[in-house]
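Biologist: Please take me through this model, and be ready for me to ask what stands behind each word you use.

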Amino acid sequence: MNEIITQTERIVLDDSGIVKCKTFKGVLLTLADAKENIAAVKAIANGKIVPVLVDITEAKGGDKEARAYLAGKEAGAVQSACALLIDSPLSQLIGNFFLGLNKTHFPTRLFNDEEKAMKWLKNFL
């Protein structure tokens, strides 16, 4: 299994061992969505802790509970690092808002270049 589709994301395990998540257009994540996505990352990675690239370029954001969950211990038990891919002032605002309000349990950075994000994530394989 190298692809899982949830209610809010397409999740793929690439050949390097990095999990790529693409949030669907217009999504505003809820806690249930966040839990479903983390469970999918865990399943696709066969329970290993892996670096994760999350493309939030088309997302609207997430509610407070979803953001807290995605920054918390449960997500940290699944991902060794997280790169948030942004491409607009809105996605940058969402990413900065997430990072500003939530202390993650794993290294997290914003990127506007997927190649640079992947290079950074390879340090956490």
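**Buried, exposed and in between**

Modeller: Let's start with A59, which is located in the loop between β5 and β6. The model is predicted, so local features need pLDDT of at least 70 and side-chain atom pairs count only at pLDDT 80 or more, while totals for chains, interfaces and linings use all residues. Residues are numbered from 1 along each chain as its sequence is written, and side-chain values use heavy atoms, with hydrogens and water left out.

Biologist: Why is A59 called buried?

Modeller: Its relative accessible area is 8%. Buried means under 20%, exposed over 50%, and partly exposed in between, with a 1.4 Å probe and protein chains only. The value of 8% is under that first cut-off, so A59 is buried. Leaving aside neighbours within four places in sequence, A59 is in contact (heavy atoms within 4.5 Å) with T23, F24, V27, L90 and I94.

Biologist: What makes G61 count as buried?

Modeller: G61 has 12% relative accessibility, again on the buried side of the cut-off. G61 belongs to strand β6; strands are DSSP runs of E with at least two residues, helices are runs of H or I with at least four, and both are numbered from the N terminus. Not counting residues up to four places away in sequence, G61 touches V27, L28, L29 and I94.

Biologist: And how do you know that L31 is partly exposed?

Modeller: L31 comes out at 29%, which falls between the two cut-offs and therefore earns the in-between label. L31 is part of helix α1, residues 31-44. Beyond neighbours within four places in sequence, L31 meets D63, E65, A66 and Y69. The C-alpha atoms of L31 and D63 are 7.3 Å apart, though 32 residues separate the two along the chain.

Biologist: Why does N46 count as exposed?

Modeller: N46 stands at 68% relative accessibility, which is over the upper cut-off, so exposed is the right word. N46 is in the loop between α1 and β5, and its phi is near 55°, a positive value in a residue other than glycine. For background, most residues other than glycine have a negative phi.

**Helix against helix**

Biologist: What makes α2 roughly perpendicular to α4?

Modeller: The axes of α2 (residues 64-71) and α4 (residues 89-101) come within 10 Å and cross at roughly 70°. That angle is what makes α2 roughly perpendicular to α4: the label covers 65 to 115 degrees, with under 35 roughly parallel, over 145 roughly antiparallel and the rest oblique. Axes are lines fitted to C-alpha atoms, for helices over the stretch in contact, and angles run from 0 to 180 degrees between N-to-C directions. The crossing of α2 and α4 is right-handed, the term for a near helix turned clockwise from the far one by less than a right angle; anticlockwise would be left-handed.

Biologist: Which residues of α2 and α4 meet?

Modeller: From α2 come R67, L70 and A71, and from α4 come F97, F98 and L101. By class, the contact has five nonpolar, no polar and one charged residues. Here Ala, Val, Leu, Ile, Met, Phe, Trp, Tyr, Cys and Pro count as nonpolar, Asp, Glu, Lys and Arg as charged, and the others, Gly among them, as polar. The buried residues in α2 are A66, R67, Y69 and A71, and their cover includes β4, α1, β6, α3 and α4.

**The sheet**

Biologist: How do you know that β2 and β3 are joined?

Modeller: Two strands pair if DSSP finds at least two bridges between them. β2 (residues 9-13) and β3 have five, and run antiparallel. L13 is opposite V19 of β3. β3 also pairs with β5 (residues 50-55) in the parallel sense over four bridges, with K22 facing D55.

Biologist: Why do β1 and β8 stand at the edges?

Modeller: The open sheet has six strands in the order β1-β2-β3-β5-β7-β8, with mixed pairing. β1 and β8 each have a single partner strand, so one side of each lacks a neighbour in the sheet. From one strand to the next, the twist averages 20°. Helix α5 (residues 114-121) packs on the sheet, touching β3, β5, β7 and β8, and its direction makes about 170° with that of β7.
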